[in-house]
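Student: I would like to learn how to read a few features from a model. Could we start with burial and go on from there?

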Amino acid sequence: MKHISCLLLSLLLGLLVSADPKYKELLNLQPLNPASLLASFNFKSNASLQSYEQQHFKYIPRSLGQILQHAKTRELHLRFSTGRWDDESWGARPWGGTKEGGTGVELWAWVEGDSDADSFARWVTLNNALSGLFCASLNFIDSTRSTRPRMTFEPASSVFNASSENLYLLHGSLPREVVCTENLTPFLKLLPCKGKAGIASLLDGHKLFDASWQSMAIDVRSVCPENGSECSIEMEQTVDMVLDVDRSKRPRDNPIPRPIPSEHLQCDQSKPYAGDEACYPSDANLGQSWTLAEIFGRPIQGSCLAEDSYGQLRDSVCINVPHEREVNLYGDAVETKNEAGTSRCFAIPASNPFELVLSHIGPQTFNKVSQPPLYASRSFTGHGQERGGVQTLLTNPSTSSSIQFVYFETLPWFMKPYLHTLTARLTTASTTSPDIIEETFYRPALDRRRGTQLELLISVPADSAVILTYDFDKAILRYTEYPPDANRGFDVAPAVIRLLPSSGNSSSNSQAPLYIRTSSLLLPLPTPDFSMPYNVIILTSTVMALAFGMIFNLLVRRFVGADEVEGWNLAALKAKARGRVAVLVDRVSGKGQKLEKTVQ
Amino acid sequence: MAQGIDAGPEDANFKVASSPANAQKQPPPESPKSIKTRGFVILSFWAVVLLLGLPVWLWTTSIHRARLPLQHMLDWADGKTCKPTFPLQITIEAPFLQEPEAAHLVRMTQHALDDLNEFSAHHLRLRLAKSFLSRDFQNASMTSIEDEYAIGPLTQFGNTDGLDEEALTVRLQPQPGAQTARAELQSHSTRLDVFYVSHQSPSVSSSSSTLATFIATKLQELFAEEQAIVAYILQSAQTMGHAPQISSSASSASREFRSRSHRSLNPELAARLDSRMTRSLKYAPTYHITVSLFTPSAAPSSWEIELALAEYFTPLLDSISGVSNFTVDTQVQLYATFSPSVHSPEYDAEQQIWTLREEDLSGFINAAEWPLSPSIGAGPTLNFVLYVPDRSTSPLVVRGSQASSWLIPQWGGVVILNPQNANATLNEATLLKESIQPALLTFSHQLLSFLGAPQTPPSLPLQLQTLTRIRAASLLLSASSTMGSLAWVTVALPSIAIPETVSSAVDTTLGHLRSTCEALKEGRFKDALENARIAEIQAEKGFFEKSMVGQVYFPDEHKVAVYLPLLGPVGVPLVMSALKELRRLWASRKAGQPG
């Protein structure tokens, strides 16, 4: 009896363990029409909160764990992004936009603290440490770039109640930061298999930063299961990228695109001018046939810790294509197809390389991309060196339901918005509609100390678009405040839009949040000539010297009549000079003679 | 001038012809008043320049330099102010001896010790146990004897209570039946048991005793290594402290001291101590220890490190926590490859082992890829790396010595964990705590040597006491030499600013250095360590003051570019007029003198 109960207990424990693996990774490949590929890498590590606090690190990396503990950060979200998500052709964003950031670097975290100042000091510590870890200029997130959003972000951890535990949310972004290989390398180092095995072996700076759009994300949060078992800390690393298939397939040693020979050219016969003479190359038929090695430069090197406690392999690669498409494998992997007919997944054994081929044989079909819930685009208006304006177009494509969202913007202090000019109107209406902006949270900027924070709760009715505009003034900076290459302009961080679940159905409260980010803006500011200080010094000095000389001469000189002056006697001077020259000539020639003598 | 006019008669004639009325017209003579006024004008301009302009310029461009007690700082660096001494108090308990006998024995042992000891800065002082005295009826006479030895060399410090920390207790016990005396050191306390043959106990009248000599030799043996280390530290501080010498008076006292300490160190021992000292870490109140598991493949991916640490490592840390605090963290790193500069292991078919070249050991740690960054927070990090080789390249050892562990000075230690036999289940996913045990024991030894603990005597409390003294001495010397360097920097770079914080840090440092020195002399070694620690922290704070290190670079070209446009046009008329005026004055004086 005892034995049986023991057995049962161990089985139960085993089940619990297998239900919550300490590390798992998944690559999701989603071919996009016509010639793009969305690759979503997801790495999830877990550790019990107890071992994390005692600094016994296993899959949660020590370097990051210690930084978070040192800065008393309970939840961290860090994003590195480049490019623009083309939602017209690619549809809704992966992960509902929760795993992406604005262009450049974006960071938000819940930091413990007794007061605002205390939490800010820890925030600065956190930024400095992360800056060193990720080789990014995160240390430039100072008070002017930090905000405390009210409505835009919600903690993803299940343990804490932000207000009761003295947790402060801080948000900062660096739109100017160029994300590159030096950020990917530390990102890969945080993984248990370091990009040497598993799907991370596909990640290569040359391919990742050549993508049309890419976003690297790190999320650390704590999770407490509802059944009351031990809390754990969860770290999720995500890399999403949209690759141009044709561009990626170019060999690395010969990356220049060449014209396709005419016999291989596929013409779009639907064009009216199509015929024997004219050919409009059709990219639809170039299609999507590729192998992993073609796209990423190498096949997957086995799997990383994919075995669960029973020795079963977990799925590590999924490809989202209809079942009628032909997908071939090299390497012994186990294939599972989902019931909806839209995707298939592969479990890869640990040691063998794995290669996947999306064949060009058979129907070239794609899964339908879902429509994004909102289109947002932001741009500058206005002209001149002094005044400008911002205009945001927010379109609700849904024909049936209205949409409600939080629009969050941080503006640098040198961009001074006039809130009274903030208007929202439907594109169809000519006057402003007061009921579009439901709530406003505005924190004005202080010169050189903090930026503007603007959070708006906006609702857009079904099948309509809203234009949000406001005007601003451009400040003139001090000489030393201009960055290098000041004439390029100043980057303004992207706006963050958090879509709220529609109030109609209450069940959707539990659904995952959806985020959208606009692109960043480039603000031209009046820029001085940087040799100015020296010019000023020299000009001032000249004026002062002139004034001084005049006064001094007036006081010191003796004034006499013009006819009383002893004029310059030109002839005398000439004679004198001639005499000098003659003497010199004599001396030189005399010396020459002497020299000749000595030589002889 | 007149000559010039005469030289051109044609011109003159022409001029005369054209306008004969204007020729040779002289200006009216200047009135003396206007000449005087002009003189005053020039003088007042110069007065404004010199009395107002120059001071304002100097004042606005001057750099704030706080006053530093430079001479004191240099004296500390030269070792003129403090010669650290280490009087160690040793209590002798002899419950089975008569008082006069015991006192006599103590006196003779002391004499023998003094004869044996060549290094006067570190000396052992014996005294009889107080409990023993109080038990005795002839209390008064004993106290006088005790005073003779305890106070004798230390009269300037007032009383014996200064020596409150006793380093060692020697307990004398007669052992009937034994032929020779025998000493036994308790490994977990500071007690030395001496078992003597009863007939060896000296009578009051005898002038020499085998027991006294025996005890003295034993004590000397116990503290020989400590003495050598202290001598080494003092000596190296003397030789290094003189590098940035600006006060040319290389003190004769220190030179004498150096020669004296040289005498007590033979080169062999010095070299050994040298390597040990370069290996050990600088003292810090907190050390971080990172224990990492590295493996070139995916297994083992976990280890029972928490249990193993609790069992094999934490007890040691607890026992040395009096000296420093330790934090321990662990990590597992899979797929850790060697750096490309290292030769991959070679197979030795004869012995069926894989070998690493000895010269590759320094590059064994792949600093570029292995995440062994220092821990966050104050204090240095010690890395202990447990490397489990891949099954295909095990067992892996160092060529030649066949060792599987080594030290990297001031950084950490490496242990290669090979499976016990080829079929062992070591390369399974989990490392059991039993298989980590040998590695952790190696790490413990390595840790002690990183802390600079001596290898003898075998008693841990004694080792820790020694560690306290060594640390206090080295901190004292390092803070002193920092003071010297700061003074030197201050003198050598006149353009750096010295804020008040540096000055106050220097004052605190000097104060604590003084109390360290006193505490050392009085034998209060824990106090000394505490003070030396503060002195070191303050000294570093002063030396690495941010505003001082980051001095503004303002090259001379910029100065010229800024000053010249103003000073050139203004200065030339001023100087020329001053010269003219001076020439006039000189001429008038010359003219006045003969006239």
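Tutor: Burial comes down to a cut-off: a residue is buried under 20% relative accessible area, exposed over 50%, and partly exposed in between. Keep in mind that this is a predicted model. By that cut-off, Cys193(A) and Cys304(A) are both buried.

Student: What joins Cys193(A) to Cys304(A)?

Tutor: The general idea is that a disulfide is a covalent bond between the sulfur atoms of two cysteines. Here, Cys193(A) and Cys304(A) are joined by a disulfide, with an S to S distance of 1.8 Å. The torsion about their S-S bond is about 75 degrees, so this disulfide is right-handed. The pair links distant parts of the chain, 111 residues apart. Cys193(A) lies in the loop between helix H6 (181–189) and helix H7 (205–208) of chain A, and Cys304(A) in the loop between strand E10 (300–301) and strand E11 (315–319) of chain A.

Student: How many disulfides are there over all chains?

Tutor: The count comes to 4 over all chains. Among them is the link between Cys224(A) and Cys231(A), with sulfur atoms 1.8 Å apart. It is right-handed, with 100 degrees about the S-S bond, and both Cys224(A) and Cys231(A) are buried.

Student: Which cysteine forms a disulfide with Cys82(B)?

Tutor: Cys82(B) is bonded to Cys517(B), their sulfur atoms 1.8 Å apart. With 90 degrees about the S-S bond, this link is right-handed. Distant parts of the chain are linked here, 435 residues apart: Cys82(B) sits in the loop between helix H4 (70–78) and E1 of chain B, and Cys517(B) in helix H15 (residues 500–522) of chain B. Cys82(B) has a relative accessible area of 7% and is therefore buried; Cys517(B), at 6%, also counts as buried.

Student: Is Cys135(A) buried, partly exposed or exposed?

Tutor: Cys135(A) counts as partly exposed because its relative accessibility is 43%. Cys180(A), with a relative accessible area of 30%, is partly exposed too.

Student: Burial can also be read for a whole element. Why is strand E7 (residues 213–223) of chain A described as largely enclosed by the rest of the structure?

Tutor: Count its buried residues: 10 of the 11 residues of E7(A) are buried, so the strand is largely enclosed by the rest of the structure. Its pairing adds to the picture. Strand E3 (residues 73–83) of chain A pairs with E7(A) in the antiparallel sense over 8 bridges, and Arg79(A) stands opposite Ala217(A) in E7(A). E7(A) also pairs with strand E8 (residues 232–244) of chain A, in the antiparallel sense over 11 bridges. There, Val223(A) has Ser232(A) in E8(A) as its bridge partner.

Student: In what order do the strands of the open sheet in chain B run?

Tutor: The 5 strands follow the order E2-E1-E3-E5-E4, and the pairing is mixed. Strand E2 (122–128) and strand E4 (182–185) of chain B stand at the edges with a single partner strand each, so one side of each has no neighbour in the sheet. On average, neighbouring strands are turned by 25 degrees against each other, direction ignored. Strand E1 (residues 86–93) of chain B runs parallel to E2(B), joined to it by 7 bridges. Leu88(B) stands opposite Leu124(B) in E2(B).

Student: How many salt bridges are there over all chains?

Tutor: The count is 40 over all chains. One of them joins Arg517(A) to Glu106(A), the closest N and O atoms being 2.9 Å apart. The two are 411 residues apart, Arg517(A) in strand E25 (residues 514–517) and Glu106(A) in strand E4 (residues 104–112) of chain A. Both Arg517(A) and Glu106(A) are buried.

Student: What separates the partners of a salt bridge such as Glu581(B) and Arg584(B) within a helix?

Tutor: In general, an α-helix has 3.6 residues a turn, so residues three or four places apart point the same way. Glu581(B) and Arg584(B) are 3 residues apart in helix H18 (residues 556–592) of chain B, and therefore about one helical turn separates them. The closest N and O atoms of their salt bridge are 2.6 Å apart. Glu581(B) is buried, with a relative accessible area of 9%, whereas Arg584(B) is partly exposed at 30%.

Technical notes. Residues numbered from 1 in each chain as written. Chains lettered and ligands numbered in written order. Predicted model: local features only at pLDDT ≥ 70, side-chain atom pairs only at ≥ 80, totals over all residues. Heavy atoms only, no water. Pairing = 2+ DSSP bridges. Helix = DSSP H or I, 4+ residues; strand = E, 2+ residues; numbered from the N terminus. Axes fitted to C-alpha atoms, helices over the stretch in contact; angles between N-to-C directions. Disulfide = S-S within 2.5 Å. Buried < 20%, exposed > 50% of the residue type's maximum accessible area, 1.4 Å probe, protein only. Salt bridge = Lys/Arg side-chain N within 4 Å of Asp/Glu carboxyl O.
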